[in-house]
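Reader: Got a minute to walk me through this one? I'd like to know what sits where.

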Amino acid sequence: MTDSPPSGSPGDPWMEAMRAGDFASAWTISDACLRARLARGDPPHTGPRHLQSIWNGEPLAGKRVLVRCYHGLGDTIQFIRFAAPLRRLADAVIVWVQQPLMRLVRTARGVDHVIPLHDGTPDVAFDANIECMELAHALRVHEHTVACAVPYLFPDLGKDRLPRSGNKFSVGLVWRAGQWDDSRSIPARLLSPIAEVSGTRLFSLQIGPAAAEAARIPAQDLSSQDIEELAATLCHLDLLVSVDTCAAHLAGALGVPVWLLLPTPCDWRWMKHRTDCVWYPTMRLFRQSRPGDWQPVVEDVAASLRELADTRASQDKLSGTNVCI
């Protein structure tokens with residue numbers, strides 16, 4: 001996302017190129033923005049951290065590259081996939097990452113060293129540096145190189161926290177995203193059609209004040225503020241149903257089936273009109289057709305979940321076992 005305007009408003013050329021899956025046009029726009037910034041002499045490390053442009057266009061081959069993770073946790077999880085192709089160029093890849101993600105990021109292919117993100121300067125020697133979300137531009141990725149094998153993060157699975165109930169389909173739920181964009185969140189009461197699907201068991205992975213709303217669905221609370229514990233829980237689920245938030249990125253990076261519920265307009269990375277996702281092969285997209293109208297989205301999810309649960313039940317009946325598939 002190098003030097004692209006921060007706005008996600010419709011009509012922005014960079015955003016529209018990415019929503020169309022036209023990576024080449026997006027990088028041409030990013031190139032122009034980068035040249036303009038360098039011509040103005042704008043310092044790269046000023047302004048709000050999540051809006052900073054770091055990379056100056058220099059080649060990264062043969063260098064110790066510091067990857068700065070200045071955006072959200074979900075952004076880091078999504079873009080750390082590019083550590084592997086970066087490492088094929090660089091002598092070393094050092095990731096300056098948010099502390100909750102340190103243990104997980106250490107497991108990503110291509111990462112040589114991880115240090116905790118903090119204010120000030122990084123306590124490590126490096127030859128070149130780049131913000132995590134600038135890697136896609138620097139590496140000139142396209143639709144086929146964005147897609148990668150999953151999982152690409154490898155948590156310690158630890159103890160299975162999921163209570164078992166026969167062969168019921170285990171579904172995790174996250175319905176509220178960060179407060180900075182309320183359009184991504186769904187009132188918990190609207191998720192009740194999902195709870196009515198027989199053959200399923202619902203678990204709340206929602207954190208923050210909204211976690212108290214789990215009883216309205218209802219869903220059993222298995223939430224955790226610890227990212228690695230959340231990752232282990234996701235790996236023991238059959239499915240995650242989530243709004244656009246960190247948990248959805250984590251499930252995708254772990255190769256866990258995830259259904260993502262999207263507002264309209266949605267973020268550029270989910271593109272337009274698609275029900276699949278180029279970033280995560282195990283992700284399915286459910287989109288609003290009208291801004292703010294979640295009811296048809298939830299009904300579509302409930303119908304799809306009912307079909308999935310019925311298929312599970314039929315397979316178990318044919319096999320004569322209660323073993324989860």
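Author: Sure, and one term before we start: buried here means under 20% relative accessible area. By that cut-off, both F82 and W279 are buried. Keep in mind that this is a predicted model.

Reader: Okay, what is the mean pLDDT of the chain?

Author: The mean pLDDT of the protein chain is 91, and 93% of the residues reach 70 or more.

Reader: And where does pLDDT stay under 50?

Author: Residues 1–8 are one such stretch, with 25 contacts beyond four places in sequence in the model. Residues 321–325 also stay under 50, and there the model has 11 such contacts.

Reader: Back to F82 and W279. How are their rings arranged?

Author: They form an edge-to-face aromatic pair, 6.4 Å centre to centre with 75 degrees between the planes. F82 is in the loop between α3 (73–79) and α4 (83–87), while W279 is in the loop between β9 and β10, so to speak 197 residues apart.

Reader: Which residues do ring pairs link into a cluster there?

Author: F79, F82 and W279.

Reader: How many aromatic pairs turn up in the whole structure?

Author: A search finds 7. One of them is W14 with W268: the ring centres are 5.1 Å apart and the planes stand at 75 degrees, so that pair is edge-to-face. W14 belongs to helix α1 (residues 13–19) and W268 to the loop between β9 (258–262) and β10 (283–287), with 254 residues separating them.

Reader: W14 and W268, buried or exposed?

Author: Both are buried.

Reader: Which charged ends sit over rings?

Author: R81 has its charged end over the ring of Y280, 5.0 Å from the centre. R284 lies over the face of W259, at 5.3 Å from the ring centre.

Reader: Switching to sheets. What's the strand order in the one with 6 strands?

Author: That open sheet runs β7-β6-β5-β8-β9-β10, with parallel pairing. β7 (220–221) and β10 are the edge strands with a single partner each, so one side of each has no neighbour in the sheet.

Reader: How many bridges do β9 and β10 pair over?

Author: They pair over 5 bridges, in the parallel sense. In that pairing, L261 stands opposite F286 in β10.

Reader: What does α10 touch on that sheet?

Author: α10 packs on the sheet and touches β5 (169–174), β8 (239–243), β9 and β10. The direction of α10 makes about 145 degrees with that of β8.

Reader: How many residues of α10 are buried?

Author: 9 of the 9 residues in helix α10 (residues 246–254) are buried. Among them are C246, H249 and L254. Just after the helix, G255 takes a positive phi of about 75 degrees.

Reader: And the sheet with 4 strands, what order is that in?

Author: It is an open sheet too, ordered β3-β2-β1-β4 with parallel pairing. Its edges are β3 (113–116) and β4 (128–131), each with a single partner strand, so each has one side without a neighbour in the sheet. On average, neighbouring strands of this sheet are turned by 25 degrees against each other, direction ignored.

Reader: What joins β1 to β4?

Author: There are 4 bridges between strand β1 (residues 64–68) and β4, and the two run parallel. Within that pairing, L66 stands opposite N129 in β4.

Terms used: Residues numbered from 1 in each chain as written. Predicted model: local features only at pLDDT ≥ 70, side-chain atom pairs only at ≥ 80, totals over all residues. Heavy atoms only, no water. pLDDT = per-residue confidence, 0-100. Contact = heavy atoms within 4.5 Å. Pairing = 2+ DSSP bridges. Axes fitted to C-alpha atoms, helices over the stretch in contact; angles between N-to-C directions. Phe/Tyr/Trp six-rings, centres within 6.5 Å; stacked < 30°, edge-to-face > 60°. Buried < 20%, exposed > 50% of the residue type's maximum accessible area, 1.4 Å probe, protein only. Lys NZ or Arg CZ within 6 Å of the ring centre and 35° of its normal.
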